[in-house]
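Please look over the sequence and the structure shown here before reading on. The briefing that follows deals with the contact between two chains and then with empty space.

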Amino acid sequence: MDIVVCVKQIPDPADPGELNPETKTLKRDMKLIMDESDSYGVEMALQLRDAAGEGEVTLVSMAPHEEVNGLRSGLAMGADKAILVSDEALAGSDALGTAKVLAAAIGRTQADLVLAATESSDGYTGTVPEQIAELMGLPSVTFAKEIKTEDGEVLVKRQTEAGYDEVRCPMPAVVSVTAGVVEPRYPSFKGIMAAKSKPMDQVSVSDLGIQADKVGWAGAGQEITDVSPAPEREAGEIITDEGEGHQNIVALLEELRIV
Amino acid sequence: MGTIWVYAEASDGKVASITLEMLSRARELSDTVEAVVGGAGEPVAAELGAYGASTVHATGDLNGGLAGPAVASAMAEAITAGAAPDAILFGTTYDGRDVAGRLSVKLNAPVITNVVELQSEGGSLVGTEPVFGGTVNVRTRFSGTAVRLFLIRPKSFAAEESGGGPATVSTLAVPDLGVTGTARVVDCFAEESTGPKLDEAGVVVSGGRGLGEAEKFAMIEELAKLLGGAAGASRAIVDAGWVPYSHQVGQTGKVVKPDVYLACGISGATQHMVGMKGSKTIIAINKDAEAPIFGVADLGIVGDVHKVLPKLIEALQARS
Ligand SMILES: Cc1cc2nc3c(=O)[nH]c(=O)nc-3n(C[C@H](O)[C@H](O)[C@H](O)COP(=O)(O)OP(=O)(O)OC[C@H]3O[C@@H](n4cnc5c(N)ncnc54)[C@H](O)[C@@H]3O)c2cc1C
Ligand SMILES: Nc1ncnc2c1ncn2[C@@H]1O[C@H](COP(=O)(O)O)[C@@H](O)[C@H]1O
């Protein structure tokens, strides 16, 4: 079974960077890492590949500055190869532009299954996986909390308001996974060393047959007009519990007429 | 402003609160508000009408198909055939994102996501979205001429009835979906829940990793019950498998705005706070005086949940 996993490379959330005041987009000149949200998809893909006993896991990422650090992390976990789309023309791409590029890159493979995260940690539009599916003309299941494959179909437990739905979908298909679907492994030292020599295919926008003015700034159909700090909530009273802290809570609940 | 479409969601004949919120805001921004539902129109026509929809375009039963491809194709077909909504509002929900994503490709139109405020500027809608965990707000407008698609965060607007009569039901045909429509729901499972729903409760008591172990979540449930509220959780303990995902509060969970939010053993990560910062009163218990949650708490108790919670439960039991 051949699986493609979308891996977004993002700034370390512990150091999220800032908006460029001129272009009003995220500054992206620091080193990027694999979005933790995508580590679940990578782990899921490795488990499905190993359960099938054959096939390859290919990572696909679109990132500026030829960044491969996050892809290396996924290769170190055990993925077989990676495709990186990196191009000046991609700066400023919105979700739809990103999906067009990723769909074209994925189209170069023969995937039975395309995995992505339900939403990225920094962009969290949550629309890219479904846009990829539509662009590729594939069925899709989003919000998977469990995935199995059986007779050419993927069986997904899909999160719902009330609980979950069991969904059956013929492959090839796109599935987006939630955090916690599996426990991502830590790369071993051997894995980290092996990752260095795994195939890393770098492609440009024109390699994908996409016109540069359809993506990036030129293609983004939206623009930020204003950036302002959100109103802050003021902190109230802080009390150290000396055994009677619960009384303060009861008193406040009384004042608010909750009890 | 011309016509706004609202993607309407319902379960068991009851319209979702996010839908009512969007209808209420759409009414203030536009003269004509219409709903689009992936399912039967009749059961929801009265409620949708009461919140301002004049028409509900209904696909009829999807027969186990997912909303994403079906509703997006139906909308795209109607738009190609001449329907001309200026904007379409979707809730940031499981199906809302699917429909918006599919439709954006069909119309080659971008989606503005995570919107918490909508305004009309120069005859066009502009969205406001929080970024960096809610510390910064950005306003975004569309530059092209395609239909404006917005994904709206729950609890962004108040739901208020307009007093309108039932919406007129009109049929929205779903074209042949080909292979994109082949995913099928074969079974539905509901997690048991008692008491008020998390996103509708007046009081929410949430627990985090500071509880130490799964069994201690019983204290959170007990307290929620005593206060007539709902029990919530941080993602840390959802991922750890202590409680189901339906309890999760935050960016990737539920947005709650209760009268009182009680955070127990929760650090206050930005992704948690975007889901509860709108609560009227926030009470936090955490043993670390430096925990970020104290930055938004009206009352903060620096203390051990294993000491404070049992006493609090006892004190409340003694009163009831
Ligand atoms: C893309 C993305 C989306 C996310 N979405 C969400 C989301 O929707 N919701 C969410 O909650 N998180 C979300 N997170 C995770 C978030 O970043 C935090 O990791 C999470 O909220 C932490 O949960 P916690 O506060 O329970 O745990 P911790 O951060 O580990 O905090 C535990 C707290 O308990 C305190 N404590 C320990 N022992 C005691 C004791 N005995 N008595 C009192 N206090 C004690 C500690 O001082 C600490 O402050 C998301 C993260 C990402 C990257
Ligand atoms: N630039 C990218 N490169 C690779 N995958 C991406 C990229 N952007 C988004 N994705 C995938 O789509 C998911 C959802 O992203 P988003 O729609 O931005 O929330 C991410 O978690 C990734 O799996």
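**Interface and empty space**

Between chain A and chain B there are 12 salt bridges, a salt bridge being a side-chain nitrogen of Lys or Arg within 4 Å of a carboxyl oxygen of Asp or Glu. This is a predicted model, in which local features need pLDDT of at least 70 and side-chain atom pairs count only at pLDDT 80 or more, while totals for chains, interfaces and linings use all residues. Residues are numbered from 1 along each chain as its sequence is written, chains are lettered from A in the order in which they are written, and side-chain values use heavy atoms, with hydrogens and water left out.

**Contact between the chains**

- B:Arg141 forms a salt bridge with A:Glu223, their closest N and O atoms lying 3.0 Å apart.
- Chain A brings 79 residues to the contact and chain B brings 80 residues, where contact means heavy atoms within 4.5 Å.

**Cavities**

- The structure holds three cavities of 30 Å³ or more, a cavity being a set of points on a 1 Å grid over the protein atoms alone where a 1.4 Å probe fits but cannot get out.
- The largest cavity has about 40 Å³ of space, a volume being the space filled by probe spheres set on the points, which are joined across faces, edges and corners.
- Residues of both chains line the largest cavity, among them A:Thr118, A:Phe143, B:Arg97 and B:Asp98, with lining residues having an atom within 4 Å of a point.

Notes: On a 1 Å grid over the protein atoms alone, a cavity is a set of points where a 1.4 Å probe fits but cannot get out, and a pocket is an open set with protein on both sides within 12 Å along at least five of seven lines; lining residues have an atom within 4 Å of a point.
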